[in-house]
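The exercises below are to be worked with the sequence and the coordinates at hand. Please attempt each task before reading its solution.

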Amino acid sequence: MTRTILPGSTIGVLGSGQLGRMFAIAARRMGYRVHTFSPDDDTPTGQVADWETQAAYDDLDAVRAFAEGVDVITFEFENIPAETVEQAERFAPVRPGGSVLYTTQNRLREKTFLSGSGFPVVPFRAVSSREELQAAAAELGTPAVLKTAGWGYDGKGQVRIDSLEQVPDAWSTLKTDAVLEAFVDFECEVSVIVARGFDGELADYGVIGNDHQNHILDVSVAPADLPGDLGREASRIARAVVEALDVVGVLCVEFFVTRAGTLLINELAPRPHNSGHLTFDAAVTSQFEQQLRAVCGLSLGEPELLRPAAMANLLGDLWFQGTPDWSAACRFPQVKLHLYGKEQARPGRKMGHLTALAGDPRTAADLVREARRALAARATKT
Ligand code: AMP
């Protein structure tokens, strides 16, 4: 049993991106201090944290000094090396624990865990050679998607295979331990964000609908409208996954909804998720505050949405014609602007997002897209 970590204490965050930034804002609002650790400096998280350590994840002396100075450690992205987490765990509690990271930072381990525990996943095969890929593609059929087992996100490290003739090219593109998945001709993509407290308490945000562009999340809308009992079923599965993994913190379960009306888990993220950014403005308790409460051993907050909401990502591509005119977004009184403090706008890089609140989800989605178009249209040359 670990004591409750109360306001005034220091939370360590491994990673320093926008998720850590929004977590730090939630933590500081409640009177906690925040120390972030990553190889970079002047980071989205560091800009709002109390302290920022710039060191390599494999600098175990720096990890020790960081861990000794904080009361609990959490993370904002899962690709933290296992030895970093093991070192940190010697000096401070890490929540969720290293075993959760170990399972979820590798697609093969994650899918093996999920299917072994009876959860519905996209049919997959492990492949580590061209011959294995050939056999797996013949077995699963095409189209299929080849994904690196480790270190992939936002569609990075993925190759679509449309016919068996494409196998040699696909293999030479990745040439690493990988997972071959059946291609899912899905109806839509949804996610459920669920929190689990230190005492096992659960709270979820219901179903969020997600549209992707070029494998990157584009727009999320909540609540999502799913037929029949599918929404309840998605929540039930997400709650069962968070328990099976023994997570203390927040977990996002991404699903494909198939045309046959079934749910298949695409992937897990053991942390706040891009599709939950709208909870920052729209929910009684945001996913970031929920993570804070969970890792500090506090009771969870009410996840209920105060209003239907939609979120649109602002990618670096928006800067193509110059800096967007932020005042254009502020002319929409129901729209909230979030920027992550990143200097360099690159194509596909998540620079910020907009959240719109409205009387119904469709209006919120229309509004957030309109506000984003207004930004792009008014972009000025720099
Ligand atoms: P991932 O990084 O695996 O979440 O993939 C990013 C996006 O690519 C997903 O949100 C889907 O839009 C698409 N995608 C990934 N895997 C599949 C699949 N097996 N079938 C169809 N679309 C996929």
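The exercises treat the ligand site, the domains, three buried residues and some backbone features.

The model is predicted, so local features are given only at pLDDT of at least 70 and side-chain atom pairs only at pLDDT 80 or more, while totals for chains, interfaces and linings use all residues. Residues are numbered from 1 along each chain as its sequence is written, and side-chain values use heavy atoms, with hydrogens and water left out.

**Exercise 1. The ligand site**

Task: Determine which residues come nearest to the ligand, and which side chains place an N or O atom by a polar atom of the ligand.

Solution.

Step 1. The ligand is surrounded by 17 residues, a residue being counted if one of its heavy atoms lies within 4 Å of the ligand. Those that come nearest are Lys147, Glu181, Val184, Glu189 and His215.

Step 2. Inspect the polar contacts, that is, pairs of N or O atoms within 3.5 Å; within protein, one atom must be able to donate a hydrogen and the other to accept it, and residues adjacent in sequence count only if both atoms are side-chain atoms. An N or O atom in the side chain of Lys147 is 2.8 Å from a nitrogen atom of the ligand. For oxygen atoms of the ligand, the distance is 3.0 Å to an N or O atom in the Asn266 side chain and 2.9 Å to one in the Glu267 side chain.

Step 3. Consider the cover. On its own the ligand has 470 Å² of accessible area, of which the protein covers 95%; such areas come from the Shrake-Rupley method with a 1.4 Å probe, and for residues only the protein chains shown count as cover.

Step 4. Assign the shell to secondary structure, where helices (H or I, at least four residues) and strands (E, at least two) are DSSP runs numbered from the N terminus. Two or more shell residues come from each of strand 6 (144-148), strand 8 (178-182), strand 9 (186-196) and strand 13 (263-269).

Step 5. Classify the shell: six residues are nonpolar, five polar and six charged. Here Ala, Val, Leu, Ile, Met, Phe, Trp, Tyr, Cys and Pro count as nonpolar, Asp, Glu, Lys and Arg as charged, and the others, Gly among them, as polar.

**Exercise 2. The domains**

Task: State into which domains the protein is divided, and which of them each give at least three residues to the ligand shell.

Solution.

Step 1. The division is into domain 1 (10-94), domain 2 (123-182) and domain 3 (186-377), with bounds from an automatic or database domain assignment.

Step 2. At least three residues of the ligand shell come from domain 2, and at least three from domain 3.

Step 3. The centres of domain 1 and domain 3, taken over C-alpha atoms, are 23 Å apart. Between these two domains, 20 residues of domain 1 are in contact (heavy atoms within 4.5 Å) with 22 residues of domain 3.

**Exercise 3. Three residues compared**

Task: Decide whether Ala24, Arg196 and Ala309 are buried or exposed, and describe the surroundings of each.

Solution.

Step 1. Buried means under 20% relative accessible area, exposed over 50%, and partly exposed in between (1.4 Å probe, protein chains only).

Step 2. Ala24, in helix 1 (residues 18-29), is buried because its relative accessibility is 0%. Beyond neighbours within four places in sequence, Ala24 is in contact with Val34, Thr45 and Val48. The C-alpha atoms of Ala24 and Val48 are 6.6 Å apart, although 24 residues separate the two along the chain.

Step 3. Arg196 belongs to strand 9 and is buried because its relative accessibility is 13%. The Arg196 side chain makes a polar contact of 3.0 Å with the side chain of Asp246, and a polar atom of that arginine side chain lies 2.9 Å from the backbone oxygen of Val247. Residues touched by Arg196 beyond four places in sequence include Glu201, Glu243 and Leu300.

Step 4. Ala309, in strand 14 (residues 309-315), is buried because its relative accessibility is 0%. Its contacts beyond four places in sequence include Ser220, Leu278 and Ala364.

**Exercise 4. Backbone features**

Task: Locate the cis peptide bond that ends at Pro143, and find where Lys175, with its positive phi, lies.

Solution.

Step 1. The cis bond runs from Thr142 to Pro143, with omega near 0°. Pro143 is in the loop between helix 6 (130-140) and strand 6.

Step 2. Lys175, not a glycine, has a positive phi of about 45°. Lys175 lies in the loop between helix 7 (167-174) and strand 8 and is exposed because its relative accessibility is 61%.
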